[in-house]
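Here are my notes on this model, set out point by point. Please keep the structure open while reading.

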Amino acid sequence: MTRVYVLGAGAAAAYKGSYLGETSPVANNFFQKAMRVINIHQIRDRYYEDENLSFNQIFQFIERLWGVPRSEVCNSSLDMEEVLTLLNIEMEEDQAGRERLLLAYEEYLLLMALTFDKILYGDLCPYHRKIAESLNPGDSIISFNYELLMDYALQRTNLEKNLWCIQDGYGIPCHYLRGSIDAVHLKQQSKLFEKEDYAKVKFFKLHGSLNWLYCPQCGQLYAYEHSDGGGHSVIINGIANMIQCTTQHCCNKLSRVIIPPTLMKNYQSIPFIPKLWHQARKALELAAEIIVIGYSFPTTDFRSNWMFRKAMVDNKELKKVTIVDKAEGYQLKTLLNKHKSIFRVQDVDFYPDIAAFTQTL
Ligand SMILES: [Zn+2]
């Protein structure tokens, strides 16, 4: 029975292992959390080397458009996705200021990457790990999140079950871009390469990922792999376009791949993104069981709503739909009705939190 997991922000919000004691940022509290950790440069054994980053251009952009000075950003209700979307629109419209805006864009993606990386630095998430361990060949995970909780869980579980690897586990060929790496890890990796070099479960990150870097010239995708003393992968903490593609004769500068849901049309500029969406849709068409964790099909995610509805038209296999969400009362009733409409089912299994659900696995 083929299973597809669908992960939204609610799946990350359940993570409790943060060494900083923070919960995962969501769109409407991202800036409050980002400002709380912006001056933290070391967490336990991990040094972020980011004390010299000013983030001046992104804070100037925010002050220009929202009238919120940097000192007030921590108290503002700025929305993470809205800032990213409006910055993208301004990049298209303001050709004269393009260079400054590109820098603001790079700074913002780096601020996002560092903020999530600092806050989610901690013990492996037991819920994500349970999910990773429950996977069978042919199963897929679709994620709308940028963070790496599932990536870490898959990597860790893979050392035992050998179901997933970075080479094609994201649905497209991906190279490691390695930082310093310890000998043990390297040995584990080379062992994996010998055993299998393709993934039996796929992990589709439809809005990009904090550890992805992409070459706009030759199309190669890289995942940054830098193992710290504790065996955690570390987000690259430099401006992405200072790093060059390692494909022979290419050497183009790399870009991050973080795409807000509101900018679906821009997905076409990164050729592999439509391929991921296509594969995700195919996985949904063949799914016998779909488990949706913390994803509420926001109206503005038009492409996602389309993908699910379209896949359900062609799905002849679906037997079971499970919803995991902490919504209550009227909100929950609306949410469940939406899920029933999208998946064309009369009943869904429901769990109020990921801990209760993963106990059943
Ligand atoms: Zn290249």
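How many bridges join strand E11 (residues 320–324) to E12, and in which sense do the two strands run?

1. **The E11–E12 pair.** Three bridges join the two strands, and they run parallel. One pairing to look up is valine 324, whose bridge partner in E12 is tyrosine 351. Helix H11 (residues 329–343) packs on the sheet here and touches E10, E11 and E12. The direction of H11 makes about 150 degrees with that of E11. Keep in mind throughout that this is a predicted model.

2. **The whole sheet.** Six strands make up an open sheet, with the order E6-E4-E1-E10-E11-E12 and parallel pairing. Strand E6 (202–205) and strand E12 (349–351) are at the edges. Each has a single partner strand, so one side of each lacks a neighbour in the sheet. From one strand to the next, the twist averages 15 degrees.

3. **Strand E10 and its partners.** Strand E1 (residues 3–7) is joined to E10 by five bridges, and the two run parallel. In this pair, arginine 3 stands opposite glutamate 289. E10 also pairs with E11 over five bridges, again in the parallel sense. There, isoleucine 290 of E10 faces valine 321 of E11 as its opposite number. Is E10 enclosed or open to the outside? Four of its five residues are buried, so E10 is largely enclosed by the rest of the structure.

4. **Tyrosine 295.** This residue is in the loop between strand E10 (289–293) and helix H10 (302–314). It is buried, because 24 other C-beta atoms lie within 10 Å and the cut-off for burial is 20 or more. Tyrosine 295 and glycine 8 are 287 residues apart along the chain, yet their C-alpha atoms are separated by 4.1 Å. Leaving out residues up to four places away in sequence, tyrosine 295 touches Val6, Leu7, Gly8, Gly10 and Phe144.

5. **Two positive phi values.** Phenylalanine 297 is also in the loop between E10 and H10. Its phi is near 50 degrees, a positive value in a residue other than glycine. Phenylalanine 297 counts as partly exposed, with 18 C-beta neighbours inside 10 Å. Cysteine 251 is the other case to inspect, with phi near 60 degrees. It is found in the loop between strand E8 (221–225) and strand E9 (255–258). Cysteine 251 has 12 C-beta neighbours inside 10 Å, so it counts as exposed.

6. **The nonpolar core.** The largest nonpolar core has 94 residues. Val6, Leu7, Tyr108, Leu149, Ile290 and Ile293 have the most contacts inside it. Helix H5 (residues 98–119) gives the largest share of this core, twelve residues. Take leucine 149 as one of the core residues listed above. Neighbours within four places in sequence aside, leucine 149 is in contact with Ala12, Tyr15, Leu120, Cys125 and His128.

7. **Helix H4.** H4 (residues 80–93) has 14 residues. From first C-alpha to last it reaches 20 Å, close to the 20 Å expected at 1.5 Å a residue. Which residues of H4 are buried? They are Met80, Val83, Leu84 and Leu87. Seen down the axis of H4, these fall within an arc of 95 degrees, so they line one face of the helix. The face turned away carries the exposed residues Ile89, Glu92 and Glu93. On the buried side, the packing is against helix H2 (30–37), helix H3 (56–66) and H5.

8. **Helix H10.** H10 has 13 residues and reaches 19 Å between its end C-alpha atoms, close to the 18 Å expected at 1.5 Å a residue. Its buried residues are Ser304, Phe308 and Ala311. Down the axis of H10 they fall within an arc of 70 degrees, so they line one face. Helix H9 (272–286) and H11 are included in what covers them. Phe302, Val313 and Asp314 are exposed, on the face turned away from the buried side.

9. **Chain totals.** The chain has twelve helices and twelve strands. Of its 361 residues, 38% count as buried. Among contacts between residues at least 6 apart in sequence, 78% join residues at least 24 apart.

Technical notes: Residues numbered from 1 in each chain as written. Predicted model: local features only at pLDDT ≥ 70, side-chain atom pairs only at ≥ 80, totals over all residues. Core = buried A, V, L, I, M, F, W, Y, C linked by C-beta atoms within 7 Å. Contact = placed C-beta atoms within 7 Å. Pairing = 2+ DSSP bridges. Axes fitted to C-alpha atoms, helices over the stretch in contact; angles between N-to-C directions. Expected span 1.5 Å × (residues − 1). Arc of directions from axis to C-beta.
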